[in-house]
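Colleague: I have a model open and would like to learn how to read its charged and nonpolar features. Could you walk me through them?

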Amino acid sequence: MHSSIVLEAVCDSNKIAAEPVRYPECSVPRIRFEELHQTLAGALRRLGFEEERALLCARLFAETTQDGVYTHGLNRFPRFARMIRAGRIDIHAAPELVGS
(Lines give C-alpha, C1' and ligand atoms only; values in the text may rest on other atoms or scores of the structure.)
Protein backbone atom coordinates (compact mmCIF):
# COMPACT_ATOMS: atom_id res chain seq x y z
CA MET A 1 0.00 0.00 0.00
CA HIS A 2 1.41 3.37 -0.94
CA SER A 3 1.83 5.95 1.80
CA SER A 4 -0.54 8.34 0.07
CA ILE A 5 -3.29 5.72 0.15
CA VAL A 6 -2.69 5.10 3.85
CA LEU A 7 -2.89 8.83 4.55
CA GLU A 8 -6.05 9.17 2.48
CA ALA A 9 -7.70 6.35 4.41
CA VAL A 10 -6.81 8.01 7.72
CA CYS A 11 -7.74 11.51 6.62
CA ASP A 12 -10.73 10.64 4.46
CA SER A 13 -13.06 13.10 6.16
CA ASN A 14 -11.26 16.01 4.49
CA LYS A 15 -9.32 14.15 1.80
CA ILE A 16 -6.05 15.89 2.67
CA ALA A 17 -3.76 13.02 1.73
CA ALA A 18 -0.21 14.11 1.08
CA GLU A 19 0.80 13.93 -2.55
CA PRO A 20 3.67 11.50 -3.15
CA VAL A 21 6.84 12.77 -4.78
CA ARG A 22 8.21 10.41 -7.43
CA TYR A 23 11.95 10.18 -7.94
CA PRO A 24 13.22 8.73 -11.26
CA GLU A 25 15.61 6.32 -9.53
CA CYS A 26 13.00 5.02 -7.10
CA SER A 27 9.61 3.46 -7.81
CA VAL A 28 8.39 3.94 -4.23
CA PRO A 29 6.41 7.15 -3.71
CA ARG A 30 7.97 9.56 -1.23
CA ILE A 31 6.34 12.24 0.86
CA ARG A 32 8.27 15.22 2.17
CA PHE A 33 8.78 15.06 5.94
CA GLU A 34 7.03 18.36 6.70
CA GLU A 35 4.03 17.43 4.58
CA LEU A 36 3.76 14.05 6.31
CA HIS A 37 4.12 15.69 9.72
CA GLN A 38 1.43 18.30 9.03
CA THR A 39 -0.95 15.75 7.48
CA LEU A 40 -0.65 13.43 10.48
CA ALA A 41 -1.05 16.35 12.90
CA GLY A 42 -4.24 17.39 11.10
CA ALA A 43 -5.64 13.87 11.35
CA LEU A 44 -4.81 13.79 15.07
CA ARG A 45 -6.51 17.14 15.66
CA ARG A 46 -9.63 15.77 13.98
CA LEU A 47 -9.43 12.81 16.34
CA GLY A 48 -9.57 15.21 19.28
CA PHE A 49 -5.92 15.88 20.09
CA GLU A 50 -4.95 19.30 21.40
CA GLU A 51 -2.53 21.19 19.12
CA GLU A 52 0.69 20.59 21.07
CA ARG A 53 0.01 16.87 21.52
CA ALA A 54 -1.03 16.47 17.89
CA LEU A 55 2.24 18.02 16.69
CA LEU A 56 4.36 15.91 19.05
CA CYS A 57 2.61 12.64 18.24
CA ALA A 58 2.71 13.36 14.50
CA ARG A 59 6.42 14.17 14.74
CA LEU A 60 7.07 10.83 16.47
CA PHE A 61 5.26 8.90 13.73
CA ALA A 62 6.95 10.92 10.97
CA GLU A 63 10.45 10.63 12.48
CA THR A 64 10.06 6.91 13.04
CA THR A 65 9.07 6.52 9.39
CA GLN A 66 12.00 8.71 8.29
CA ASP A 67 14.35 6.57 10.39
CA GLY A 68 13.13 3.42 8.64
CA VAL A 69 11.35 1.85 11.63
CA TYR A 70 8.30 0.98 9.55
CA THR A 71 6.65 -1.12 12.27
CA HIS A 72 6.04 2.01 14.36
CA GLY A 73 5.86 4.73 11.74
CA LEU A 74 3.27 5.54 9.11
CA ASN A 75 2.32 1.88 8.75
CA ARG A 76 1.02 1.87 12.33
CA PHE A 77 -0.88 5.17 12.09
CA PRO A 78 -4.19 3.80 10.70
CA ARG A 79 -4.30 1.20 13.50
CA PHE A 80 -3.52 3.91 16.04
CA ALA A 81 -6.42 6.02 14.70
CA ARG A 82 -8.80 3.03 14.83
CA MET A 83 -7.80 2.35 18.45
CA ILE A 84 -8.52 5.98 19.37
CA ARG A 85 -11.93 5.86 17.66
CA ALA A 86 -12.71 2.59 19.46
CA GLY A 87 -11.84 4.16 22.83
CA ARG A 88 -8.88 1.86 23.45
CA ILE A 89 -6.46 4.81 23.65
CA ASP A 90 -7.18 7.75 25.94
CA ILE A 91 -5.73 10.75 24.13
CA HIS A 92 -6.18 12.93 27.21
CA ALA A 93 -4.27 10.65 29.59
CA ALA A 94 -1.24 12.17 31.30
CA PRO A 95 1.65 10.36 32.96
CA GLU A 96 1.77 10.50 36.73
CA LEU A 97 4.69 9.76 39.04
CA VAL A 98 3.49 7.24 41.62
CA GLY A 99 6.82 6.60 43.34
CA SER A 100 10.46 7.49 43.17
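Colleague: Let me start with Glu51: what does its relative accessibility make it count as?

Modeller: Happy to help, and keep in mind that this is a predicted model. The class between buried and exposed runs from 20% to 50% relative accessible area. Glu51 has 42% relative accessibility, so it counts as partly exposed.

Colleague: Which residue forms a salt bridge with Glu51?

Modeller: The idea is to look for a side-chain nitrogen of Lys or Arg within 4 Å of a carboxyl oxygen of Asp or Glu. Here the partner is Arg45, and the closest N and O atoms are 3.3 Å apart. Arg45 counts as partly exposed because its relative accessibility is 32%.

Colleague: How many salt bridges does the count come to?

Modeller: The count is 2 salt bridges. Besides the pair of Glu51 and Arg45, Arg59 forms one with Glu63, with 3.2 Å between the closest N and O atoms.

Colleague: Where do Arg59 and Glu63 lie?

Modeller: Both are in helix α3, which covers residues 51-66. They sit 4 residues apart, about one turn of the helix. Arg59, at 34% relative accessibility, counts as partly exposed, and Glu63, at 28%, also counts as partly exposed.

Colleague: Now the surface. Which residues form the positive patch?

Modeller: For a patch, you look for like charges that are accessible and free of salt bridges. In this model, Arg79, Arg82, Arg85 and Arg88 form a positive surface patch. Take Arg88 as one of them: you will find Arg88 in the segment after α4 (77-85). Its relative accessibility is 64%, so Arg88 counts as exposed.

Colleague: And Arg76, is it buried, partly exposed or exposed?

Modeller: Arg76 is partly exposed, because its relative accessibility is 28%. Look for Arg76 in the loop between α3 and α4. While you are there, try a distance: Arg76 and Phe61 are 15 residues apart in sequence, and their C-alpha atoms are 8.3 Å apart in space.

Colleague: Let's turn to the inside. Which residues have the most contacts in the largest nonpolar core?

Modeller: To read a core, follow buried nonpolar residues joined through their side-chain atoms. The largest one here has 19 residues, and Leu40, Leu44, Phe49, Phe77 and Phe80 have the most contacts inside it. The elements giving two or more residues to this core are α2 (33-46), α3 and α4.

Definitions and conventions: Residues are numbered from 1 along each chain as its sequence is written. This is a predicted model: local features need pLDDT of at least 70, side-chain atom pairs count only at pLDDT 80 or more; totals for chains, interfaces and linings use all residues. Side-chain values use heavy atoms; hydrogens and water are left out. Buried means under 20% relative accessible area, exposed over 50%, partly exposed in between (1.4 Å probe, protein chains only). Patches are made of residues with over 30% relative accessible area and no salt bridge: like charges are joined within 9 Å, nonpolar side chains (Val, Leu, Ile, Met, Phe, Trp, Tyr) within 5 Å. Accessible areas come from the Shrake-Rupley method with a 1.4 Å probe; for residues, only the protein chains shown count as cover. Lys and Arg count as positive and Asp and Glu as negative; His and the chain ends are not counted. The place of a charge is taken as NZ of Lys, CZ of Arg, CG of Asp or CD of Glu. A nonpolar core is a set of buried Ala, Val, Leu, Ile, Met, Phe, Trp, Tyr and Cys residues joined through side-chain atoms within 4.5 Å.
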